[in-house]
Amino acid sequence: MMLVSFPMLAALEVGKHFYWQLGNLEVHGQVLIVSWIVIGVLVISSALASRNLQTVPSGLQNFMEYALEFIQGIAKDQIGVKHYREWVPFVGSLFLFIFVSNWLGALVPWKLVKLPEGELAAPTSDVNTTIALALLVSLAYFYAGFKERGLGYFSKYVQGSPFLLPLWVIEDFTKPLSLSFRLFGNILADELVVGVFVLLVPLVIPLPVMILGLFTSAIQALIFSTLAASYIGEAMEGHGEEAHDDHHA
Amino acid sequence: MDPLVAASSVFAASLAVGLASIGPGLGQGNAASRAVEGIARQPEAEGKIRGTLLLSLAFMEALTIYGLVVALVLLFANPFAA
């Protein structure tokens with residue numbers, strides 16, 4: 001389905017993809033292209049910021065240090081002072097990748113690049129990207145739980161009452177489901193709302209909606225990484241004993 | 001597409017978004033009113049309250065978005081279209 005607006009700067013296309021054939025797999029080329037651009041932006045900016053480190057930071061280095069402190073704050077709030085350091089890279093990569101892809105998807109006029117089919121957009125508006133990110137979070141919190149508590153990690157499934165076992169198992173499936181659909185739905189909804197507004201009135205009127213879109217996509221990046229960190233922190237802490245020891249020590 | 005399937009899909013899509021926005025609407029109103037009460041009682045905690053409020057509003061927003069995802073699937077990727 002496709003709706004085209006007057007100046008051809010925006011077209012609404014859902015379910016159209018620029019397919020690449022890899023072996024017997026079909027991949028969505030437009031998602032990969034924009035993901036690589038996002039990764040490139042992140043790598044180049046962090047390389048530039050850390051190339052000539054100063055004790056008194058300025059300019060780009062200053063900004064990147066602020067970003068790092070922000071990410072450390074997210075991880076520390078959710079995982080706790082004791083273990084947060086080793087999870088800062090994971091949580092930070094999630095936050096930065098989602099944030100930069102949401103904003104690049106909204107800020108760059110991708111329609112100027114012509115593709116044979118489909119159009120370039122934020123990678124997070126494709127459900128495959130968000131499901132991949134959410135499954136990574138699942139793997140990460142299982143790994144964190146095993147590493148921290150060994151097989152004792154499974155005791156959380158039968159804590160309280162064994163009758164709650166199915167609920168705990170279901171929770172392991174609903175966590176990635178809700179993580180991925182929340183991000184995907186929000187970003188796709190933003191793009192669709194902006195697209196519909198541009199279709200109706202091409203100038204000025206869509207601006208507030210676009211700014212709202214930037215705001216919500218930043219919040220979604222924050223939420224995704226906060227939740228990832230809190231699942232990891234939850235998997236690492238036992239059911240109370242260690243926490244009590246910490247308080248007494 | 002079978003016209004009956006098309007008509008009922010469009011109808012169901014509108015119901016999905018409409019019904020899914022009722023609960024979160026009530027919840028967000030409730031949360032916002034409590035946040036305003038909290039700020040009025042303790043203006044110095046405004047920053048913390050605002051942060052928590054925004055985060056919880058986004059969680060409630062997600063419920064509507066689930067309805068929207070269902071609506072979008074019905075409109076653009078209808079499994080019964082064959």
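**Group meeting: chains A and B of a predicted model**

A:Val204 is exposed, as 7 other C-beta atoms lie within 10 Å; a residue is exposed at 12 or fewer such atoms, buried at 20 or more and partly exposed in between, with C-beta atoms placed from the backbone. This is a predicted model, in which local features need pLDDT of at least 70 and side-chain atom pairs count only at pLDDT 80 or more, while totals for chains, interfaces and linings use all residues. Residues are numbered from 1 along each chain as its sequence is written, and chains are lettered from A and ligands numbered from 1 in the order in which they are written.

Let us stay with A:Val204. This residue sits in the loop between α6 and α7 of chain A; helices (H or I, at least four residues) and strands (E, at least two) are DSSP runs numbered from the N terminus. Phi of A:Val204 is positive, near 60°. Most residues other than glycine have a negative phi.

I turn to the interface. In total, 11 residues of chain A are in contact with 11 residues of chain B, where contact requires C-beta atoms, placed from the backbone, within 7 Å. On the side of chain A that touches chain B, α6 (165-200) and α7 (206-236) of chain A are the elements that give two or more residues. The most come from α6(A), with 6 residues.

Finally, chain B has 2 helices and 0 strands. Its C-alpha trace spans about 60 × 15 × 10 Å along the principal axes. Buried residues make up 17% of the 82 residues in chain B.

Notes. Contact = placed C-beta atoms within 7 Å.
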